[in-house]
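Open the model in your viewer and keep the selection panel at hand. The stops below go from the contact between the chains down to single residues.

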2 protein chains.
Amino acid sequence: MTVPLPDWEPHYARRASRMRASEIRELLKLLEQPGIISFAGGIPDPALFPVAAAREAYAAALSSPERAGAALQYSVSEGNLALREWIAGSMASLGVACTPDNIVITNGSQQGIEFLGKLLLSPGDTALATAPTYLGALQAFSACEPRYDELRPEDGNRTAPSYRDAAQAAGSEVKLAYVVPDFANPTGETLTLAARQRLLDLARELDIPVIEDAAYAALRFEGESVPPLQALDIRHTGSIDRSRVIYCGTFSKTLTPGLRTGWVCAAAPVVRRLVLIKQAADLNAPAINQMVMLEIARSVYESQVARARGHYALSATPSSVFAQVARARGHYRAKRDAMLAALANYMPEGCTWTTPEGGLFVWVTLPDGIDAAALLQRAVAEAKVAFVPGGAFFTGGTGANTMRLSYSLPGIDSIGEGIRRLAALIGEQKG
Amino acid sequence: MTVPLPDWEPHYARRASRMRASEIRELLKLLEQPGIISFAGGIPDPALFPVAAAREAYAAALSSPERAGAALQYSVSEGNLALREWIAGSMASLGVACTPDNIVITNGSQQGIEFLGKLLLSPGDTALATAPTYLGALQAFSACEPRYDELRPEDGNRTAPSYRDAAQAAGSEVKLAYVVPDFANPTGETLTLAARQRLLDLARELDIPVIEDAAYAALRFEGESVPPLQALDIRHTGSIDRSRVIYCGTFSKTLTPGLRTGWVCAAAPVVRRLVLIKQAADLNAPAINQMVMLEIARSVYESQVARARGHYALSATPSSVFAQVARARGHYRAKRDAMLAALANYMPEGCTWTTPEGGLFVWVTLPDGIDAAALLQRAVAEAKVAFVPGGAFFTGGTGANTMRLSYSLPGIDSIGEGIRRLAALIGEQKG
């Protein structure tokens, strides 16, 4: 007996209609072909992975029956205590004095962002975000069916009453602000101290939490560090448990994304809620990976915690610069320099781009009328160059003439050659 | 300047009110003290963990720069292809012919269950489940704010119109059925073939998907295997892509829970949706753990896949019994026997309990009027014995006189002694 193929659509929850097929990530699979110079990925360079430290740490975690019994067993939902202590020490060095009770371990910062959507957003609620912003955050929030409004911390936010009125007019309420303050995905830009203060003022007036996505924060090449929003808010309120800023951190960009280890640092009541969400979501992060990440962090970070404990400096001093991170900074800086030089050399008039002081991305704005999605088709087919069209990073259908270029994976020579080919194609389209 | 501690409650989404503090899991932390004989846990015995295989597999995954580059990098959201192929072969041996397109890797089966709630349940929708049922599934679903109705596949479900009318009267719609058909958490009971057929008939009449939580299915000690619901449904419909059954599997109970590796097996369109949900939730499962789990499975499972390919027998034949699983079965069977013998020896009249043919749990019903939660307080304080009061496994506030006993962790002698002490206390309460 054969039954027709069922139609699953009517069975799905309402929120499923907001789960967009991520054309970008699907695209990425095609773009990472050999022979293509890809500026699309935005993933760390495996040349930087701490392979030896990882090998030793896994062997150590499985070296005795007792250790293995813990490494291969279920574990607590909040995460490994020693790892949370280490992270608390590392947060202290950024100006965020906190304890392990302020930390929950997540599967990368992506899971932290998704949990925060779940915790804070009812359907129809308003989330404030820059446009463009990190696509993964939009995907995570969208399952909660929010409305978005635009944050402009650098060029000038609207007033609190204006955001509030716009939400009210849509039958909504402003519930959170989300930002990537350092070397943002996708623009590479960093919020100035003044912009951070304005954003915190706005959040206080609106009485909303601020989600600080710090994925790239440790990868500064040059210029002066700006304190995390959370550190600035603690300066204002007196303590982490009085702060409205919720910090999402990760080891993915500095050490390795393969262990999927990130964290959320926040007021203790928020962390307790997130632990419940973690429990319902997947019980706990893999015990062995947490043990290993702690050992890797300890081994590559030059006893940074010991030095950080007790002095909560607001800016990253040379003494809190870690060996591994220093290596990553030098590595990506050279690649960024190659990309900026090639852009200056080859790009036709009418194109502009950002100058990131860190991170993995340059954001290019093409002359009006050039569609980056259409350009990508030709770039892959004719020039063997890939990038991510910028439109995906906007919620409102704008940004067709923008693109995100990542310099993290290609070699220095390929960066120059890829930009040369891409620029030639843009010149043709323009002309 | 010091700001008062903020009240976070008004900031939370509506669904947060349904995220219950898991008293049980909090309790468990206290109960796993040394000196306590704990029947509370329900976690696998670390004596069974494949430590040597894990050690070798991690070393191999990090043995060359190329392998390490993949093991420590981001990876695809659907999961490692070779692992999905292996799982597809293993599903075939259970009567579920499928391809890797029918498999998505999740962080244990818990994450699969949570994703399915997200995919299928809008607020107010009705989920059918047995009472009692797995607490973790209730926690996962509850974030979607469902209504529950009771499934009784063994003693007789109500009619489809009755479930439909009850839902309608509550302004709701029946959207899914969830069951743990084999050696269920918490009762240890297994659905007969007839009960499975009745459940599938009901699901067809209601036109709803059935979530089959197979966490314990491989741990049968005795009696005849009953085919998975998914295999039975495929017999009826002709193929996995025509089946309404969604299977949640895991390596947690047979190999190790510490790598958090499970899977969902379902019709390809459902799997494509789950991949999107995985992407938004945490991008992907740890690449290294998936590589390692594949190697462990290969090394301990005696080339079971090769034999299974091509013949889709509906019952587990001796030739598809794996060495590691056979070891686990013998190990837990001896512990179950010890517990059943002690219950028969010591329990006062008026107590009844289940006789599990596999898995980790025995479910005890105490005489009416004995409150298991109150008993637990005394059991821990006076008898140094712990268990889980059964009420937590019910959605409706019933089950106060029930308790879940797990025999998985204590040694055989401790099992006898613990039951003796517990029975004495129950005898006192009764008398």
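Start with both chains of this predicted model. Select the contact between them: chain A contributes 73 residues and chain B contributes 73 residues. On the side of chain A that touches chain B, these helices each supply at least two residues: H2 (51–61), H3 (65–71), H5, H6 (135–142), H9 (229–237), H10 and H11 (287–300). Which helix gives the most to this side? Colour H10(A), which supplies nine residues. Colouring the side of chain A that touches chain B by class gives 43 nonpolar, 18 polar and twelve charged residues.

Next, superpose the two copies. A turn of 180 degrees with a shift of 0.0 Å along the axis lays chain A on chain B, and the RMSD is 0.0 Å. This is the relation of a two-fold axis. Both copies use the same surface, since 100% of the contact residues of chain A recur in chain B.

Now hide chain B and go back to H10(A), residues 268–282, together with H5(A), residues 108–120. A pair of packed helices is described by the angle between their axes and the distance between the axes. Here the axes come within 10 Å and cross at roughly 110 degrees. The crossing therefore makes H5(A) roughly perpendicular to H10(A); the range for that word is 65 to 115 degrees. Show the side chains where the two helices meet. From H5(A), pick Phe115(A), Lys118(A) and Leu119(A); from H10(A), pick Arg273(A), Leu274(A), Ile277(A) and Lys278(A). The residues of this contact divide into four nonpolar, no polar and three charged.

Zoom out to the whole of chain A. Its secondary structure consists of 15 helices and 13 strands. The C-alpha trace spans about 70 × 65 × 55 Å along its principal axes. A compact globule of 431 residues would have a radius of gyration near 22 Å, and the 22 Å of chain A agrees with that.

Colour chain A by domain. The domain assignment gives domain 1 as 20–42 + 325–430 and domain 2 as 51–316. How many Å separate the centres of the two domains? Taken over C-alpha atoms, the separation is 27 Å. Select the contact between the domains: 27 residues of domain 1 touch 24 residues of domain 2. On the domain 1 side, H13(A) (323–346) and strand E10(A) (361–365) each supply at least two residues. H13(A) gives the most to that side, with six residues. By class, the domain 1 side has twelve nonpolar, nine polar and six charged residues.

The last stops are points in the backbone. Most residues other than glycine have a negative phi, and most peptide bonds are trans. Three places to select depart from that pattern.

- Select Ala131(A) and Pro132(A): the peptide bond from the former to the latter is cis, with omega near 5 degrees. Pro132(A) sits in the loop between strand E3 (126–129) and H6 of chain A.
- Bring chain B back and select Asn185(B) and Pro186(B), which are joined by a cis peptide bond with omega of about 15 degrees. Pro186(B) is in the loop between strand E5 (174–179) and helix H8 (193–206) of chain B.
- Return to chain A and select Arg260(A), which is not a glycine but has a positive phi of about 50 degrees. Arg260(A) lies in the loop between strand E7 (245–250) and strand E8 (262–265) of chain A.

Key
Residues numbered from 1 in each chain as written. Chains lettered and ligands numbered in written order. Predicted model: local features only at pLDDT ≥ 70, side-chain atom pairs only at ≥ 80, totals over all residues. Axes fitted to C-alpha atoms, helices over the stretch in contact; angles between N-to-C directions. Helix = DSSP H or I, 4+ residues; strand = E, 2+ residues; numbered from the N terminus. Parallel < 35°, antiparallel > 145°, perpendicular 65-115°, else oblique. Contact = placed C-beta atoms within 7 Å. Nonpolar A, V, L, I, M, F, W, Y, C, P; charged D, E, K, R; others polar. Domains from an automatic or database assignment. Least-squares fit on C-alpha atoms with pLDDT ≥ 70 in both. Rg over C-alpha atoms; globule rule 2.2 N^0.38 Å.
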